[in-house]
Amino acid sequence: MIKSINNCFYKQMRFKYTDYHIHTKWSSDIINNGPSFEDYLPIAKKNRMNICFLEHYELYKVENDKFHPFFNGKIEKYLDEIDEIKETHDFVLSGLEVDYYKERENDLLEFLDEYRKCIDFIAGSVHECDIGYPITEKSYILRLLKTKSLKQLIDDYFISVENMIRSKIFKNICHIDTVLRYINPNEIKPSEDCDISDKRIFNLGLLCIENGINIEYNLSGPKYSLGRTFPSKKVITNMRELGANIFIGSDSHDLKYFKDTISNVKKAYKIIEQIEAK
Ligand SMILES: [Zn+2]
Ligand SMILES: [Zn+2]
């Protein structure tokens, strides 16, 4: 049997490919209008795609925002619900997309120690370097730019991703260059002193390889002005050639996008499979 990328990470799943990055209303950004677990199941099954629910887990918000889906220990309820679904659906994985904060490394480790065993897949992400100002939302970038330069904002992001990799807290890392979602030549134009080069992103990939960390090929980029994946096909191909382990995620927040992106997830697996890792 061909060793697929899907199966080199985890247990045998029903289908050949897995979309590792699915959000439901358990994620704070779509708590009021997001799909449920059950909404995704028939589409995934019909299209022969395993799915991993990868909800946002942002320590500061979980602790302080009483409207957060995981506030006050509700993660237990989340896991109970998924575990029940998993009993009858062998194409579902439980997961979390956990925000990394350098100053909270000990708390993150403690959290992961507690939950690693009962969650199939945990991945680390950087969305905010200034607490409360996620760079994945344009309005917050514009507000941040009143207090710091674009160069500083970009540097802060990449330094935080580097810290996350070096910390080795996470075995899997999502969208390593998502800061470019709105900051790119088509939208918020980087000034000349900004380094948004492929080399910078590629070097983070090298660091992941050195540390045995799996890298996400996140397909959500084309939804935004950047118009390409996180990271680009070229960069991910180069990383794979050097031996990177890649996992693929649509980063779905709604059903239509999930459905429309399934064929791209399969194509992405085929691209990665064709590359012999050295
Ligand atoms: Zn994310
Ligand atoms: Zn996500």
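This is a conversation between a colleague and a modeller about reading a predicted protein model.

Colleague: I am new to this one. How many helices and strands does the protein have?

Modeller: Welcome! Remember that we are looking at a predicted model. The protein has ten helices and seven strands. Along the principal axes, its C-alpha atoms fill a box of roughly 55 × 45 × 35 Å.

Colleague: What radius of gyration would a compact globule with 278 residues have, and what does the protein have?

Modeller: The idea is to set the value from the model beside a rule for compact globules. For 278 residues that rule gives a radius of gyration near 19 Å, and the protein has 18 Å, which agrees. You can add two more readings. Of the 278 residues, 42% count as buried. Then take the contacts with a separation of 6 or more: residues 24 or more positions apart account for 77% of them.

Colleague: Let us turn to one helix. What should the 13 residues of α8 span?

Modeller: A helix can be checked by its rise per residue. At 1.5 Å a residue, α8 (residues 198-210) should span 18 Å, and its end C-alpha atoms are indeed 18 Å apart.

Colleague: And which residues of α8 are buried?

Modeller: For burial, we count the other C-beta atoms within 10 Å: 20 or more means buried, 12 or fewer means exposed, and in between is partly exposed. In α8, the buried residues are Ile-201, Phe-202, Leu-204, Gly-205 and Cys-208. Looking down the helix axis, you find them within an arc of 155°, so they line one face of α8. Lys-199 and Glu-210, on the other side, are exposed.

Colleague: What covers the buried residues of α8?

Modeller: The cover includes two helices, α7 (150-167) and α9 (233-241), along with the strands β5 (172-173) and β6 (214-218). Just after α8 comes Gly-212, with a positive phi of about 65°.

Colleague: You mentioned β6. How many of its five residues are buried?

Modeller: Five of the five, so β6 is largely enclosed by the rest of the structure. In a strand, it helps to ask which way each side chain points. From β6, Asn-214, Glu-216 and Asn-218 point one way, while Ile-215 and Tyr-217 point the other way.

Colleague: In which sense do β5 and β6 pair, parallel or antiparallel?

Modeller: They pair in the parallel sense, over two bridges. To see where, find Ile-173, which stands opposite Ile-215 in β6. Together, β5, α8 and β6 make a right-handed β-α-β unit.

Colleague: How many bridges join β6 to β7?

Modeller: Four bridges join them, and β6 and β7 (residues 246-249) run parallel. The chain crosses from β6 through α9 to β7, in a β-α-β crossover that is right-handed. Two bridge pairs make good landmarks: Asn-218 has Gly-249 as its partner in β7, and Tyr-217 has Ile-248. In β7, Ile-246 and Ile-248 point one way and Phe-247 and Gly-249 the other way, and all are buried.

Colleague: Now the backbone in the loops. Which residues other than glycine have a positive phi?

Modeller: Let me show you two cases. Arg-48 is not a glycine, yet its phi is positive, about 50°. Arg-48 lies in the loop between α2 (37-46) and β2 (49-57), and with 13 C-beta neighbours inside 10 Å it counts as partly exposed. The other case is His-175, with a phi near 20°. His-175 sits in the loop between β5 and α8 and is buried, with 28 other C-beta atoms within 10 Å.

Colleague: Is Glu-192, in that loop between β5 and α8, buried or exposed?

Modeller: Glu-192 is exposed, since 5 other C-beta atoms lie within 10 Å. You can also compare distance along the chain with distance in space. Glu-192 and Ile-213 are 21 residues apart in sequence, and their C-alpha atoms are 32 Å apart in space.

Colleague: One last feature: which peptide bond is cis, with omega near -15°?

Modeller: Look at omega, the twist about the peptide bond. The bond from Phe-230 to Pro-231 is the cis one, and Pro-231 lies in the loop between β6 and α9.

Technical notes
Residues are numbered from 1 along each chain as its sequence is written. Chains are lettered from A and ligands numbered from 1 in the order in which they are written. This is a predicted model: local features need pLDDT of at least 70, side-chain atom pairs count only at pLDDT 80 or more; totals for chains, interfaces and linings use all residues. The expected span of a helix is 1.5 Å times one less than its number of residues. The arc is that of the directions from the helix axis to the C-beta atoms. Two residues are in contact if their C-beta atoms, placed from the backbone, lie within 7 Å. The radius of gyration is taken over C-alpha atoms; the globule rule is 2.2 Å times the number of residues to the power 0.38. Two strands pair if DSSP finds at least two bridges between them. A crossover is right-handed if, with the strands pointing away from the viewer, the path from the first strand over the helix to the second runs clockwise.
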